[in-house]
Amino acid sequence: MLRFLALAFPAIALMISLFHFGWDALDLGADLNLAPRVLFASWLLEAVGLITLFLLIHGAGRGRFLAGIAAGWIAWVFRGPLLVLTLAGAARIAPEPWWNATLGWLGLYTLCGILLALLARRTGFDS
């Protein structure tokens, strides 16, 4: 398990950071204007959350790929549509610029889940 965690944590954090850099470079979403250390901390927190969710689902006896995709999609519900609805309702801002980001996050979290499944298979991790 330590080998899996040692590979999964930096791999997921790197995938999330590359996604955000690409997203910003292509100017596809709303700009958050966060301080770099806050942005980096959010990527680390997302990585920890995805890995933890993957381990919980995989530990329940689900297959690696099912656990990976389920973890990604469950995380997406909270990071995607639920976040946009909360933001739009609480701040009374237009949700349109954020809906585009939710589709990107769906793709990102699906890929992160698949990456976790591949790393679990590669490291021989079984619960």
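User: So angles under 35 degrees count as roughly parallel, over 145 as roughly antiparallel, 65 to 115 as roughly perpendicular and the rest as oblique; which of these fits α1 and α5?

Analyst: Helices α1 (residues 2-25) and α5 cross at roughly 155 degrees, with axes that come within 10 Å, and they are therefore roughly antiparallel to each other. Axes are lines fitted to C-alpha atoms, for helices over the stretch in contact, with angles from 0 to 180 degrees between N-to-C directions. This is a predicted model, where local features need pLDDT of at least 70 and side-chain atom pairs pLDDT 80 or more, while totals for chains, interfaces and linings use all residues. Residues are numbered from 1 along each chain as its sequence is written, and side-chain values use heavy atoms, without hydrogens and water.

User: And which residues of α1 and α5 make that contact?

Analyst: From α1 they include F4, L7, A11, M15 and W23, and from α5 they include N100, W105, L108, L115 and T123, where contact means heavy atoms within 4.5 Å. By class, the contact of α1 with α5 has 18 nonpolar, four polar and one charged residues.

User: How many residues does α5 have?

Analyst: Helix α5 covers residues 96-123, which is 28 residues, and reaches 41 Å from its first C-alpha to its last, close to the 40 Å expected at 1.5 Å a residue. Just after α5, G124 takes a positive phi of about 75 degrees.

User: What about α4, at what angle does it pack on α5?

Analyst: Helix α4 (residues 81-91) packs on α5 at about 160 degrees, with the axes 9 Å apart, and that makes α4 roughly antiparallel to α5. In this pair P81, L83, V84, L85 and L87 of α4 meet W98, W99, T102 and W105 of α5. The contact of α4 with α5 has eight nonpolar, one polar and no charged residues by class.

User: New topic: how do α2 and α3 lie to each other, oblique or roughly parallel?

Analyst: The axes of α2 (residues 36-59) and α3 (residues 64-79) come within 8 Å and cross at roughly 135 degrees, which makes α2 oblique to α3. Among the residues in contact are E46, L50 and F54 of α2, together with R64, A71 and R79 of α3. The contact of α2 with α3 divides into nine nonpolar, three polar and three charged residues.

User: Last one, how many aromatic pairs are there?

Analyst: The structure holds four aromatic pairs, and the pair of F4 and F125 is stacked, at 5.1 Å centre to centre with 10 degrees between the planes. F4 lies in α1 and F125 in the segment after α5, so this pair ties together parts that are 121 residues apart in sequence. Rings pair if their centres lie within 6.5 Å, and planes under 30 degrees apart count as stacked, over 60 as edge-to-face and the rest as tilted.

Technical notes:
Helix = DSSP H or I, 4+ residues; strand = E, 2+ residues; numbered from the N terminus. Expected span 1.5 Å × (residues − 1). Nonpolar A, V, L, I, M, F, W, Y, C, P; charged D, E, K, R; others polar. Phe/Tyr/Trp six-rings, centres within 6.5 Å; stacked < 30°, edge-to-face > 60°.
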